[in-house]
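Student: Could you walk me through this structure? I have not looked at it before, and I would like to ask things as they come up.

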Amino acid sequence: MILKIKKMPSEKLKCLIIDQMHLSIIPMLEELGFTVSYQPDLTAGEVKEILSDYDGLIVRSKLRITEDLLVGNQRLRFVARAGAGVDNVDEAALEKYNIQLLNAPEGNRDAVGEHTLGMLLALLRHIVKADQEVRHYEWYREANRGEEIMGKTIGIIGYGNMGRSFAKRLSSFECRVLAHDIDHTILPDDYAALCSLDQLKAEADVISFHIPFTPANRYLADETFLNSFRKNIWLLNSSRGEIVESKSLIQALKSGKVKGAALDVLENEKLTTLSPEQKDSFEYLIRAANVILSPHIAGWTHESYVKINEVLTQKIKNLLPNIK
């Protein structure tokens with residue numbers, strides 16, 4: 001859909017950026033004809049106060065884009081999320097006010113694919129545990145005998161940009177890759193065979209989540225889900241923490257149903273605000289030798305920082321073809 005921006009002939013398009021971005025975004029937008037206001041320290045109240053002066057808004061995750069923020073705004077025509085997930089954006093509110101939503105999964109998919117592969121290798125070969133032991137003058141070879149990716153069936157849940165990137169990087173490991181996605185328009189490729197969730201549960205040795213968070217898939221990986229796999233599995237999550245229920249994962253780790261887990265995301269990533277139950281779960285995870293944790297950095301590389309800008313500005317250019 002092409003949006004026509006209503007503006008005076010002499011008035012330039014204006015874009016407000018309210019999160020930390022690689023500064024290459026500014027000249028990229030200026031080349032499209034925008035006046036750019038880079039204000040990453042604005043509070044939510046301050047954003048609402050000035051938003052009506054802008055045609056575009058670029059955000060990461062510090063602010064929820066709600067109807068309350070948008071109401072009465074006749075000028076704003078796009079919200080661009082600098083990243084893949086859009087769970088902090090009320091899409092219905094944007095549609096109500098004829099505001100286009102853009103995101104940039106193409107910008108950090110390579111980073112996510114690489115990080116997820118790294119987590120899998122570290123998990124199967126006990127790299128983090130072994131590293132810590134050697135640093136303490138402990139040399140346990142047999143206790144750290146690992147498993148190979150070769151010959152395993154890797155199950156990918158969600159086969160969009162991130163899932164495909166992970167599958168592509170698995171292609172040289174001589175493993176079998178199955179992928180399940182509820183979007184029936186998803187097409188197969190040379191890296192994975194599309195399958196039903198039942199087939200994936202029956203055959204996977206490893207499962208990796210690459211789906212967006214929605215209310216419908218909150219705690220998708222609960223006790224029933226995890227116990228429905230025929231084999232004992234390795235679990236990877238580099239999508240959203242709310243997809244995996246921590247207490248169910250811990251039960252599965254204790255029983256051996258989940259042999260090990262690598263988590264780049266958590267239910268609550270603001271570690272100073274954990275509830276007592278969340279703190280108990282977190283304490284178990286950080287003590288478990290078969291759990292690897294990273295601070296939501298799968299898509300967070302120096303290269304993706306720039307690539308996201310490139311993707312967003314191209315999408316903005318496509319959205320506003322009349323910009324000179």
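Tutor: We can go from the whole chain to a few single residues.
This is a predicted model, in which local features need pLDDT of at least 70 and side-chain atom pairs count only at pLDDT 80 or more, while totals for chains, interfaces and linings use all residues. Residues are numbered from 1 along each chain as its sequence is written, and side-chain values use heavy atoms, with hydrogens and water left out.

Student: OK, how many helices and strands are in the chain?
Tutor: The chain has twelve helices and twelve strands, where helices (H or I, at least four residues) and strands (E, at least two) are DSSP runs numbered from the N terminus.

Student: And what is its radius of gyration?
Tutor: The chain has 22 Å, which agrees with the value near 20 Å that a compact globule of 324 residues would have; the radius is taken over C-alpha atoms, and the globule rule is 2.2 Å times the number of residues to the power 0.38. Along the principal axes, the C-alpha atoms fill a box of roughly 75 × 45 × 35 Å.

Student: What share of the residues is buried?
Tutor: Of the 324 residues, 47% are buried, and the word means under 20% relative accessible area, with exposed being over 50% and partly exposed in between (1.4 Å probe, protein chains only).

Student: What about contacts between residues at least 6 apart in sequence?
Tutor: Among those, 63% join residues at least 24 apart, and a contact means heavy atoms within 4.5 Å.

Student: Switching topic, which residues of helix 10 are buried?
Tutor: Helix 10 covers residues 246–255, and its buried residues are S246, S248, L249, I250, A252 and L253. They pack against helix 9 (223–227), strand 10 (233–237), strand 11 (258–263), helix 11 (276–287) and strand 12 (291–293).

Student: What comes after helix 10?
Tutor: Helix 10 is followed by G256, and the phi of G256 is positive, near 90 degrees.

Student: Which residues other than glycine have a positive phi, then?
Tutor: Two to look at are N98, with a positive phi of about 60 degrees, and H126, whose phi is near 55 degrees. As background, most residues other than glycine have a negative phi.

Student: Where do those two sit?
Tutor: N98 is in the loop between helix 4 (91–96) and strand 5 (100–103), whereas H126 is in the loop between helix 5 (105–124) and helix 6 (127–135). N98 counts as partly exposed because its relative accessibility is 39%, and H126 is partly exposed as well, with a relative accessible area of 22%.

Student: How many aromatic pairs are there?
Tutor: A search of the whole structure finds four. One of them joins F225 and F229, edge-to-face, with 5.4 Å centre to centre and 70 degrees between the planes. Rings of Phe, Tyr and Trp (its six-membered ring) pair if their centres lie within 6.5 Å, and planes under 30 degrees apart count as stacked, over 60 as edge-to-face and the rest as tilted.
Another pair is W300 and Y305, which is tilted, at 6.0 Å centre to centre and 40 degrees between the planes.

Student: Are the residues in these pairs buried or exposed?
Tutor: F225 and F229 are both buried, while W300 counts as exposed because it has 55% relative accessibility, and Y305 is partly exposed at 25%. F225 and F229 also form one aromatic cluster with F209.

Student: What does F166 touch?
Tutor: F166 lies in helix 7 (residues 161–170) and counts as buried, at 0% relative accessibility. Leaving aside neighbours within four places in sequence, F166 is in contact with G113, T116, L117, L120, I154, I156, S208, H210 and L236.

Student: And S208, where does that one lie?
Tutor: S208 lies in strand 9 (residues 206–209) and is buried, with a relative accessible area of 0%. Not counting residues up to four places away in sequence, S208 touches T116, G155, I156, I157, F166 and L236.

Student: One last residue: what is S37 in contact with?
Tutor: S37, found in strand 2 (residues 34–38), is in contact with C15, L16, I17 and Y54, leaving aside neighbours within four places in sequence. S37 is buried, with a relative accessible area of 16%.
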